[in-house]
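Hello,

Here is the structure I promised to pass on to you. Have a look at it first, and then read on for what I found in it.

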Amino acid sequence: MQILDGKETSKAIRQELAEAVEARKAKGQKIPHLAAVLVGNDGGSLTYVGAKVRACKEIGFESSLFHLEDTITEDELLAKVHELNNDDEIDGFIVQLPLPKHIDEKKITLAIDPKKDVDGFHPTNLGNMVLNLPGFLPATPAGMLELFKRYDVETCGKHCVVIGRSHIVGSPMSILMGRSAYPGNSTVTLTHSRTKNLKELLLQADIIISAIGKPNFLTADMVKEGVVVMDVGITRLEDASKKSGYRIVGDVDFESVSEKASFITPVPGGVGPMTIVSLMMNTLKAMEINQK
């Protein structure tokens, strides 16, 4: 069994990105600039955006954080998005989700310039993904593909079962794993809450990607020997023995499943660190697409 170590892989990629920034500086070229729009004070969002800002600093990117009150109107937020679309200094930006209930997330996503949509959620980028055309992949799926590449995980002709059909992870991964590319060329089964024979399908799977947010859902009796497992789930469970009062677990019962797996991601330290570094990779790519 080999650990798909997102923490170490993301460190290596950050170093590569830092070197790319230094090379641009040496040539007098523009430094990548990532902006983030955060509405309100959601704890998870604050942590995630903070990690993005720190990553920019470490790599040498420029970054801007626009922290707006949760009382902002939809029109005011749209005006901010249009402002960032037209700011030539900013190469890519994200609007951190979730947004307050009075704001239509789809309307905000559609307003972002696809060439600056480094989260990869705009329909133009999703369409490019389906057609295997240049564009931005959603950050978490992009990070997962990078892990497959860096560990030379064979995907061609394999049966890949994806658990969960969210537009952020499950659905895009099902498309990416079926594309004529590497990683890809898999036979993909997308499962969800209405799937009736889930265990039967999982026992046939060569690759399992779990993104449902149910702690320790996937157990050893649901997988075959040699399976490759990518765990996207992240849940806080109360744990009085921990200083924080909780521990973080994934969708996979790591202890039992790891005994049968050929490759497996840990939680934490697997897919999570790859999401942020993929966002940085997309920001550098945005400069290249816009020829800056």
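Let me start with one residue: H159 is buried, with a relative accessible area of 14%, which falls under the 20% cut-off for that class. H159 sits in strand β5. Leaving out residues up to four places away in sequence, H159 touches T187, T189, L201, Q204, A205, D206 and I207. Please keep in mind throughout that this is a predicted model.

**The chain as a whole**

Stepping back, the secondary structure of the chain comes to ten helices and eleven strands. How does the radius of gyration of the chain agree with that of a compact globule? For 292 residues, such a globule would have a radius near 19 Å, and the chain has 19 Å, so the two agree. Along the principal axes, the C-alpha atoms fill a box of roughly 55 × 40 × 35 Å.

Of the 292 residues, 50% count as buried. If you look at contacts with a separation of 6 or more, 70% of them in this chain come from residues 24 or more positions apart. The chain exposes about 13900 Å², and carbon and sulfur atoms supply 51% of that area. As for charge, there are 33 positive and 38 negative charges, and their mean positions are 2 Å apart.

**The annotated domain**

The UniProt record, an unreviewed entry, carries the annotation "domain: Tetrahydrofolate dehydrogenase/cyclohydrolase NAD(P)-binding" for residues 138–289. In the model, that stretch is 34% helix and 18% strand. The C-alpha atoms at its two ends are 16 Å apart.

**Helix α7 and its surroundings**

A good place to zoom in is helix α7, residues 170–178, where G170, P172, M173, S174, L176 and M177 are buried. Which elements do the buried residues of α7 pack against? Their partners are the helices α5 (123–130) and α6 (139–150), together with the strands β5 (159–163), β6 (187–191) and β7 (207–210). You have met β5 already, as the strand that holds H159.

**Two more buried residues**

A211 is in the loop between β7 and β8 (228–231). Is A211 buried or exposed? A211 is buried, with a relative accessible area of 18%. Setting aside neighbours within four places in sequence, A211 is in contact with I163, G164, V169, V232 and D251. A211 and G226 are 15 residues apart in sequence, and their C-alpha atoms are 20 Å apart in space.

V257 belongs to helix α9, residues 254–257. V257 is buried as well, with a relative accessible area of 0%. Again leaving aside neighbours within four places in sequence, V257 contacts L218, T219, A220, V223, V229, V252 and I264. If you would like a sense of distance across the model, try V257 and E22: these are 235 residues apart along the chain, and their C-alpha atoms are separated by 42 Å.

**Backbone details to look at**

Most residues other than glycine have a negative phi, and most peptide bonds are trans. With that in mind, here are some places to check on your screen.

- L97 and P98 are joined by a cis peptide bond, with omega about 5°. P98 lies in the loop between β4 (92–95) and α4 (105–111).
- The peptide bond from V267 to P268 is also cis, with omega near 0°. P268 is in the loop between β11 (263–264) and α10 (271–289).
- N132 has a positive phi, near 60°, and is a residue other than glycine. N132 is found in the loop between α5 and α6, and is partly exposed, with a relative accessible area of 40%.
- D152, another residue other than glycine, has a positive phi near 50°. D152 is in the loop between α6 and β5, and at 63% relative accessibility D152 counts as exposed.

If you have time for one region, I would suggest opening α7 and picking out its buried residues, among them M173 and L176, and then following the chain to A211 in the loop after β7.

Enjoy exploring the model, and do write back with any questions.

Best wishes

Definitions and conventions:
Residues numbered from 1 in each chain as written. Predicted model: local features only at pLDDT ≥ 70, side-chain atom pairs only at ≥ 80, totals over all residues. Heavy atoms only, no water. Helix = DSSP H or I, 4+ residues; strand = E, 2+ residues; numbered from the N terminus. Rg over C-alpha atoms; globule rule 2.2 N^0.38 Å. Buried < 20%, exposed > 50% of the residue type's maximum accessible area, 1.4 Å probe, protein only. Contact = heavy atoms within 4.5 Å. Areas by Shrake-Rupley, 256 points an atom, 1.4 Å probe, with all protein chains shown as cover. Lys, Arg positive; Asp, Glu negative; His and termini not counted. Charge placed at Lys NZ, Arg CZ, Asp CG, Glu CD. UniProt positions renumbered as here; feature names shortened; annotations may be inferred.
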